[in-house]
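Reader: I have just started learning to look at protein models, and I would like to know where words such as "buried" come from. Could we go through some together?

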Amino acid sequence: MGRVIVVTSGKGGVGKTTSTANLGTALALLGKTVVIVDADVGLRNLDIVMGLESRIVYTSMDVIDKHCELSKALVRDRRVDGLTLLAASQKNNKDDIQPAQMKAICDKLRSTHDFVLVDSPAGIERGFSNASAGADEAIVVTTPDVSAIRDADRIIGLIQHARIEPINLVINRFSPELVGNGSMMDQADVMDILNIDLLGIVPEDTGVITSTNRGIPLVYEETSAAAHAYMRIARRLTGQQIPIPDLEQKGLFTSILNWFTRKS
Amino acid sequence: MNISIRQLFGRKPKSSSIAKQRLKLVITQDRLDVDDRMMMRLQHELTEVLAKYFEFSMNSVQVSLKHEGNSCTLVADFPYKKAHDLSVNR
């Protein structure tokens with residue numbers, strides 16, 4: 001039986017879809033069978049981030065409406081073995097799917113895959129309850145800023161209420177430089193506030209923009225800092241013990257320089 | 001250490017620690033679904049009840065929420081001067 005993990009954030013724009021695409025790809029690169037489910041009905045994006053937008057024929061809505069078999073709606077990623085995508089319908093809206101229907105899809109998918117990653121829409125309404133309906137674990141993505149963390153705390157409360165656990169945190173767009181000079185909260189600050197387990201930290205990386213432009217998730221070319229971070233997170237998800245490196249930049253020179261040039 | 005030396009030289013606190021402080025407060029309120037008005041009302045009513053038993057200076061009364069890890073504590077500070085003599089009424 002595979003694991004169903006909902007990837008969520010509360011606030012939009014913190015890198016939820018990027019994280020889902022990269023973690024799904026990374027897990028497949030590690031030899032796992034993975035299906036990534038886009039639960040953002042009406043505002044789908046996973047397909048274009050993954051570079052699979054031209055190959056979508058059926059969506060989860062077609063499966064629910066019995067227009068096609070579930071297996072037929074899965075789009076295979078040809079770049080790696082064992083990775084498929086179930087796209088969201090772009091023509092419908094979030095109320096067109098019931099949590100029970102979503103759960104049925106997830107339950108079916110878990111019988112044939114090691115991992116089912118569900119990309120949740122932002123927000124705390126219907127979209128989230130649909131996305132989390134079939135999940136037994138959650139990954140909360142946040143950036144280290146006040147609004148994202150506040151919303152993350154709100155969504156963590158809802159996940160706990162739905163009795164989904166474990167809940168793991170991914171801190172995205174972490175800037176070692178800004179943390180080093182005191183302009184960004186560090187991981188200890190964020191953990192102190194949110195109080196859930198830390199799964200990993202993804203550093204800010206301009207490579208994310210170019211990889212999204214191309215539709216090639218970063219982890220395919222494991223050269224950038226963010227790609228390394230996503231690979232480490234994927235390994236942790238498979239149960240490997242990989243320590244979380246300290247990304248903070250606090251050299252003596254930077255400290256002295258910051259002391260003179262810092263603008264808080 | 002770093003912070004105290006900076007403060008000696010009159011530097012502003014880091015914006016990251018301001019962010020953390022503000023977040024802790026607002027999240028404590030979010031979690032409990034408590035707003036300022038409710039806190040004021042609570043303080044008012046607590047004062048009414050306690051005033052029957054104790055004499056205290058109103059300015060020093062403070063009711064607040066303290067956030068530690070996953071739990072929140074309601075902290076009520078009522079520095080009292082003396083207890084009323086209730087034997088008179090009995």
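Author: Happily; the questions below deal with burial and salt bridges in this predicted model.

Reader: Why is A:Asp40 called buried?

Author: Buried means under 20% relative accessible area. A:Asp40 has 15%, so this residue counts as buried. A:Asp40 sits in the loop between strand S2 and helix H2 of chain A.

Reader: What makes A:Asp40 and A:Lys94 a salt bridge?

Author: The test asks for a side-chain nitrogen of Lys or Arg within 4 Å of a carboxyl oxygen of Asp or Glu. Here the N to O distance is 3.1 Å, so the pair qualifies. The two residues are 54 places apart in the chain, with A:Lys94 in the loop between strand S4 and helix H5.

Reader: And why is A:Lys94 called partly exposed?

Author: Partly exposed lies between the 20% and 50% limits. A:Lys94 has a relative accessible area of 22%, so that label fits.

Reader: How do you know that B:Asp30 forms a salt bridge with A:Arg150?

Author: Their closest N and O atoms are 2.6 Å apart, and the limit is 4 Å, so the pair counts. This pair crosses between chains, from helix H2 of chain B to helix H7 of chain A.

Reader: What makes A:Asp189 and B:Lys20 a salt bridge?

Author: Their N to O distance is 3.4 Å, which is within 4 Å, so they form one. This pair also crosses between chains, from helix H9 of chain A to helix H2 of chain B. A:Asp189 is buried because its relative accessibility is 15%, under the 20% limit.

Conventions
Residues numbered from 1 in each chain as written. Chains lettered and ligands numbered in written order. Predicted model: local features only at pLDDT ≥ 70, side-chain atom pairs only at ≥ 80, totals over all residues. Heavy atoms only, no water. Helix = DSSP H or I, 4+ residues; strand = E, 2+ residues; numbered from the N terminus. Buried < 20%, exposed > 50% of the residue type's maximum accessible area, 1.4 Å probe, protein only.
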